[in-house]
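Here is a short report on the ligands in this structure and on the space inside the protein. Look at the sequence and the model first, then read on.

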Amino acid sequence: MKYHIVTYGCQMNLHESEKIAGILREKGYTEEADIDDADIIVFNTCCIRENAENHAFGNIGALKKHKREKKDLIIAVGGCMAQEKGKAELIRQKFPFVDILFGTHNLNELGDLIDKKRAQKKRVFSLKEERGETEDNITPVRTGYPGAWVNIMYGCNNFCSYCIVPYVRGRERSRNADDVVREVEELSKEGYKEITLLGQNVNSYRGGETSFPELLDRCARVEGDFRLRFMTSHPKDFSAELVEVIKKHKKICNSIHLPVQSGSNRILNLMNRHYTREKYLEEIALLRREIPDCAVTTDIIVGFPTETEDEFQETLSLVKEAGFASAFMFIYSPRTGTKAAAMEGQIPEEIAKDRLSRLIDAVNEQTRQISAGYVGKSCEILCEGYDERKKLYLGRDEYGRMGYFEGEKCLIGKFVTLQVERANGISLYGSIVK
Ligand code: SAH
Ligand code: SF4
Ligand code: F3S
């Protein structure tokens with residue numbers, strides 16, 4: 001029997017799909033297959049913005065005919081959207097061919113839900129309000145070699161006023177530090193070369209007495225030839241200790257994802273972010289003082305309720321001042337149940353679109369300039385795979401820049417030095433020197 005998993009959303013979800021694959025393997029689904037050949041199809045959904053939801057709904061809807069043609073096919077829907085208030089009912093009514101629904105809090109029950117569905121032939125919809133930590137017992141089927149993800153915490157307590165994550169992922173729960181370190185040790189032994197610690201706000205990690213900088217320090221002391229990354233950091237909890245630890249260890253990439261969201265203090269306050277533009281820029285200054293080559297990437301939202309053109313200009317000027325290497329940029333999307341969705345002064349779509357396109361231009365220009373500075377220099381790339389379209393091997397440097405080069409299959413999972421010959425956007429092209 002074969003399985004197919006469709007994943008939407010963040011790295012947290014990508015890793016959870018690896019856990020879902022682990023559960024499916026235990027249930028006798030021995031290999032991954034195309035959607036048309038699968039005996040079970042699992043959607044791991046996201047609801048961070050409206051378009052993420054629409055995308056999932058569209059793809060689930062398209063499966064109606066699969067189900068008609070293949071009576072034994074099981075279709076399961078899980079993830080953040082399934083956990084969202086009212087969505088389970090909507091899925092129940094709109095998609096009568098969905099057999100199993102599970103939320104973010106009962107991922108570990110998926111195996112039982114499959115058994116139930118097989119036994120009773122009826123639909124099984126199961127949602128829980130809070131989850132236990134049992135998903136750490138699931139052995140994931142890792143798909144990111146040479147990279148591997150490790151959860152260090154679940155949930156979020158921050159309630160940024162635009163964000164649905166705290167509602168669908170529940171309260172913050174940190175994993176035991178020894179368990180995290182043990183997992184990193186195993187991954188290093190198995191030959192993984194890039195290990196990423198995952199949490200919605202890693203800086204507020206608390207595993208008993210262990211803080212996040214301490215945990216990172218312990219992980220970086222694990223033997224082996226690998227790089228260490230972490231995401232996401234919240235600027236309100238960013239600390240000098242964290243900078244010290246990054247600086248101290250060569251294994252930890254000199255690269256940090258530090259979502260700023262807006263350059264305006266009034267908007268940051270409305271967003272409930274608990275820092276100011278000035279504090280954010282001080283953090284960047286500290287980073288640059290201690291680790292001059294550190295790359296900073298970010299997330300930005302435009303068109304938050306009541307955002308004025310002047311406030312948007314403050315975001316544009318912050319992009320320059322902070323010198324972001326790259327950014328994920330979004331139009332604010334109202335999420336039912338969040339504080340911002342009920343605010344007055346929602347911004348018309350044309351205005352938000354126009355701001356987004358100006359912001360993208362500004363960030364891209366900056367990214368281009370930084371990339372151009374690489375030409376003629378060398379950089380160390382971890383070879384990740386082969387790009388079928390470009391007919392070139394590819395991989396990232398420690399700053400997150402993608403490098404493309406002529407190579408061979410045996411280089412996947414190896415660090416190579418690239419002489420950069422040309423740059424295009426965030427991508428570098430070059431040839432291997434050793
Ligand atoms: N926990 C992380 C990010 C979670 S979601 C953090 O705190 O930074 C990833 C990004 O999606 C956020 O940083 C934000 O920029 C964006 N985002 C979240 N909710 C959104 C919404 N309602 N509309 C538009 N973008 C949103
Ligand atoms: Fe959402 Fe804010 Fe939590 Fe990030 S920190 S997941 S943006 S509520
Ligand atoms: Fe991630 Fe989307 Fe959920 S961004 S935490 S999958 S809502």
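How do the residues of the shell around ligand 3 divide into nonpolar, polar and charged? The split is five nonpolar, two polar and one charged. The model is a predicted one.

**Ligand 3**

The residues around ligand 3 are Cys10, Asn13, Cys46, Cys47, Ile48, Cys80, Arg169 and Gln200. Cysteine counts as nonpolar here. Cys10, Cys46, Cys47 and Cys80 are among the residues of this shell. The charged class includes arginine, and Arg169 is one of the residues around ligand 3.

**Ligand 2**

Ligand 2 has its own set of neighbours. Cys156, Asn158, Phe159, Cys160, Tyr162 and Cys163 are among them. Val165, Pro166, Gln200, His234 and Arg273 also belong to this shell. By class, the shell around ligand 2 holds seven nonpolar, three polar and one charged residues. Gln200 appears around ligand 2 and also around ligand 3.

**Ligand 1**

Ligand 1 is surrounded by 15 residues. The closest are Tyr162, Gln200, Gln261, Asp299 and Ser333. Tyr162 and Gln200 also belong to the shell around ligand 2. By class, the shell around ligand 1 has seven nonpolar, four polar and four charged residues.

Three polar contacts of ligand 1 are listed here.

| Ligand 1 atom | Protein partner | Distance |
|---|---|---|
| nitrogen | polar backbone atom of Tyr162 | 3.0 Å |
| nitrogen | polar backbone atom of Gln200 | 2.8 Å |
| oxygen | N or O atom in the side chain of Gln261 | 2.7 Å |

How much of ligand 1 does the protein cover? On its own, ligand 1 has 540 Å² of accessible area, and the protein covers 90% of that. Two elements give two or more residues to the shell: strand E15 (295-302) and strand E16 (326-331).

Where does ligand 1 lie with respect to domain 2 and domain 3? Ligand 1 lies between them, because domain 2 (144-253) and domain 3 (263-275 + 286-372) both give residues to its shell.

**The cavity**

Now to the space inside the protein. How many cavities of 30 Å³ or more does the structure hold? There is one. The largest cavity contains about 40 Å³ of space. Its lining consists of Glu16, Ile20, Asn44, Gly79, Phe102, Gly103, Thr104 and Leu107. Those lining residues divide into three nonpolar, four polar and one charged. Glycine counts as polar here, and Gly79 and Gly103 are among the lining residues.

Conventions. Residues numbered from 1 in each chain as written. Chains lettered and ligands numbered in written order. Predicted model: local features only at pLDDT ≥ 70, side-chain atom pairs only at ≥ 80, totals over all residues. Heavy atoms only, no water. Near = heavy atom within 4 Å. Polar contact = N/O pair within 3.5 Å; in protein donor to acceptor, adjacent residues only side chain to side chain. Areas by Shrake-Rupley, 256 points an atom, 1.4 Å probe, with all protein chains shown as cover. Helix = DSSP H or I, 4+ residues; strand = E, 2+ residues; numbered from the N terminus. Domains from an automatic or database assignment. 1 Å grid on protein atoms, 1.4 Å probe; cavity = no way out; pocket = protein on both sides within 12 Å on 5 of 7 lines; lining within 4 Å. Points joined across faces, edges and corners; volume = space filled by probe spheres on them.
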